[in-house]
Structure formats: C-alpha cells, structure tokens
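Visitor: I am new to this structure. Could you show me how to read it, step by step?

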Amino acid sequence: MSAPRATLVRPARHVRGTLRVPPDKSISHRYAMLAAVADGTTIIDRYSTGADTLSTLACLAQLGVAVRREDVQGDARVIIAGRPDGFTMPSAALDCGNSGTTMRLLSGLLAAQPFTATLTGDASLSSRPMRRVAAPLMAMGAAVTLQEDGRPPLTIAGGPLHGISHTPEVPSAQIKSAVLLAGLRASGRTIVREPAATRDHTERALTAFGVAVTRSADGDVVVEGGARLHGGLTLRVPGDPSATAFLAVAAAGLPDSVVDIEDVGLNPTRVALFDVLRRAGATVTTTPTGEWHGEPVGRVRIATGGRHDVVVSPDEVPLLIDELPALAALATFGGSIVVRGAAELRVKESDRISALVSGLAAMGADVDEFPDGFAVRGTRQLTGGTVDARHDHRLAMTFAVAALGASHPTAINGAEIAAVSFPRFFDVLDGLRA
Ligand code: S3P
C-alpha cells in the first residue's frame, strides 16, 4: 500500500471567478430515497457525485431498486425506478460509507419493510451516535439493534408501524427525516416536534412527490400514514450552500476578491451562513432566480469586506451546523469568531471542535477550545504547517481555505476526503486563484 499523500495548499493573493458548486448533498439523498419508494420512474438531474450520495445509490441498488446513472454535459443524471410495493431483502450489509444521512434516513425507510437489514459504515460513521434515530423507530414498532454504546452497525427488522409524536433529543434534520419517512408507511399520524428548526428539504421533497406535509405555527411537522408518493418527476438539484461556504470564505477573507456562484440553493433553512458573513464584514448579494420543485435557487456574489468580530449564539447553531468550520477559517484572516452551544460538532464526521482547533493551531492560529464550541482570533497571520483532515470532508476544505491566507504552504494529510461532498474541490479552488 502506498503511503497517504498530503495535498499542498499554497497561499493565494486573491480569488476571483464565476462558477457553480456541486449539487446539494442533502437534497440529492432525499430525492433518491423518495424516488425509490415512489410510483413510476424519476429522473434526478444534477445529482451529487460526492461519495456520500453515491453511498445512498449503492444501498438502494442493494435493496433491489433499479438505479441508472448517465453523464449529461458533465453533470450526473440519475434515473430511479420506484419500488412503492417494497424493497428486496439485501443479501449483505448495506454500506453507508462515511454518510450519516444515508444511515439515518434509510433506517426510516427500512423500518416499514418486512425484513431485516444491517447498515454499516466506515470508521468515522461507526463511531457516531445512532440511538437518537433507533429510539423513535422502535417506538413506532420496528426492532433496532446497535452496539451497546449506541453506535453502528445498525440492524433493523421492519414491520407494521404506528404513528408517534416525537421530540428529537437534539435539533436534527436527519432524525426528523427518518421519523417522517417511517411515518409515511405507519398507521395514523406522525408528528415531529422540533426543538429548533432544522433544514426542511425532506418536507419540500415530500411535497414535490405529492405528499401532504404540514408544519404548525409552533414547529410541529406532520405526515399522515399510508401516503403514496407520485414519482415520474424530472427533478433538478440546486448547488450546495454548504459547499459554497468554503469558496465564500475564501472570497470574504482574501483582499480584493469576488466570487459569483450560480444556481445555488437559497432555501431559508440553509442560508444563515450568508448573514454571518455579512456580520463579519463581507459583501454578500443573493439574487433569487427561481424555484426548482419547491427549492429556491439563485446567484450569490461574495466579496471582500471588513474584518469584524462575530459571536454565533447557541440558537443560531442548528441552521449553521455544517458551516461553522468554514466560519472558523474566516476568522483566521482577521476579526474573530466565538461559537458556543455547538457540542453537536463533536459527533459529526470527526470531533469537529477538537480537530478544528488543533488543526488551526498547528497552522499558527490563535484559538480556544470549549466543550461546546471554539474561539478563533485573527490576531496574526497563519504560518501554514502540516494538518490532518481526520477523515472529515469539511475539515479538509476548512484547512485548505485557511491555508490561502498563510505565509507559507500547508500540507493537508488525507485531503482527498473532500470528495465526500465536493469532488474536485482542490481543482476548483486553484481555478479561482488570481
Ligand atoms: C443533514 C443534516 C445535518 C448535517 C448533515 C446533513 C441532512 O445533520 O450536519 O451534514 O442532510 O439532513 P443533523 O441533522 O444530524 O444535525
């Protein structure tokens, strides 16, 4: 076996350019899973080719779903023939790779299937908490077993379900979605009482497939059991705002920089990042251009601005959870950021608080670690150095963006993990150097 390669990121003076980012990971997972249980054949244009969303397609294929992938001018078109009357029992464990969304959302679908299946993942996913999804599915009537410490493999024996009212222990779109997906095949009504609003792509996607989903004024999300999903759609996936975050931070952080990103998802549950960038002093302009199957889409321009101090309050965290590492990188260019109430970061693809703080510190940053967050002060220019992506795509991209502002190059070990959500990230970043 060859030794792992480090990716070298050199400092940059500016970033400039117009581009599209990869298709949204969260929406891609949902369109594929809903198409798999819907009537008819559904076409998904601009499906994400990140490793996570390919894990979802591979799992669906193992469940007997006919999945075809075509290349359309460099974008992936995925064609899925729905199995509304049930999947086939898989002959081996379903490998979810690095993807928490695959494992958690698929559990929701499998809860109603009359067979037993096991979901596994890589070392990172195998260390992530799954009781939060197993508990409500068991309350609905499925039998779920995990390791004693609540980690995967997750084995689920599906069967007849009944609706429940569930309040997730932490705000989580993944838990909400798993329960709603199980609720589609349950008797009666299923209600998810969100402790705080999370991304609502499942609700929007269900609506696109003709399912009535309601959200009450106090945040309860409700589906009725027995709904049939109407496939036969041609869907298109907007650009991923969480992928946009890394390029946006590069443009906001480096002097005389401006980046235009087209066809980005502007779903209100995903754009909190742009507000924080503005608070930090960047110039961010969003121009809505339309709606794709209930998902708002538009153009975003991010340009260099001031360097203000920013405090992210705990109530902002659920809608910024994936963007917090990128925002930490922004503060290395100047100003500062303090994030509290974000202990959830410790159970993402890595312990994102400890890995982020130690990685940025190794690059010369002025940082503090808290049990539930971090502080980064841009009091000095980074020196660069050697860091490890810790098998976490968002950390690989965070260190890369911070490295642009350093005085010397940075070597990122394991940087290829960026392809989990952003294939060709390093080429794209190089293409923006000016
Ligand atoms: C996701 C939800 C978030 C996010 C993850 C993708 C989704 O996780 O961090 O990257 O697609 O639903 P939680 O819902 O567990 O916070």
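**Reading the loop and the ligand site**

Guide: Welcome! This is a predicted model. Let us begin with Pro153, which belongs to the loop that runs between strand 8 (143-145) and strand 9 (154-157).

Visitor: What kind of peptide bond joins Pro152 and Pro153?

Guide: Look at omega, the angle to check for a peptide bond. Here omega is about 5 degrees, and the bond between Pro152 and Pro153 is cis.

Visitor: Which residues are around the ligand?

Guide: To read a binding site, start with the list of neighbours. Around this ligand are Ser26, Arg30, Thr101, Ser172, Ala173, Gln174, Arg199, Ile321, Asp322, Lys348 and Arg394. Sorted by character, this shell has two nonpolar, four polar and five charged residues. Helix 1 (25-37) and helix 5 (173-184) each provide at least two of the shell residues.

Visitor: Why does the ligand lie between domain 1 and domain 2?

Guide: See who contributes to the shell. Both domain 1 (6-22 + 238-431) and domain 2 (25-236) give residues to it, so the ligand lies between them.

Visitor: How far is an oxygen atom of the ligand from an N or O atom in the side chain of Arg30?

Guide: For contacts like this, read the distance between the two atoms. For the side chain of Arg30 the distance is 2.6 Å. A ligand oxygen is also 2.7 Å from an N or O atom in the side chain of Lys348. Taken alone, the ligand exposes 380 Å², and the protein buries 95% of that.

Visitor: Where does the ligand sit?

Guide: Compare the ligand with the pockets: its place is in the largest pocket.

How values were computed:
Residues are numbered from 1 along each chain as its sequence is written. This is a predicted model: local features need pLDDT of at least 70, side-chain atom pairs count only at pLDDT 80 or more; totals for chains, interfaces and linings use all residues. Side-chain values use heavy atoms; hydrogens and water are left out. A residue is near a molecule or strand if one of its heavy atoms lies within 4 Å of it. A polar contact is a pair of N or O atoms within 3.5 Å; within protein, one must be able to donate a hydrogen and the other to accept it, and residues adjacent in sequence count only if both atoms are side-chain atoms. Accessible areas come from the Shrake-Rupley method with a 1.4 Å probe; for residues, only the protein chains shown count as cover. On a 1 Å grid over the protein atoms alone, a cavity is a set of points where a 1.4 Å probe fits but cannot get out, and a pocket is an open set with protein on both sides within 12 Å along at least five of seven lines; lining residues have an atom within 4 Å of a point. A molecule sits in a cavity or pocket if more than half of its atoms lie within 2 Å of its grid points. Helices (H or I, at least four residues) and strands (E, at least two) are DSSP runs, numbered from the N terminus. Ala, Val, Leu, Ile, Met, Phe, Trp, Tyr, Cys and Pro count as nonpolar, Asp, Glu, Lys and Arg as charged, and the others, Gly among them, as polar. Domain bounds come from an automatic or database domain assignment.
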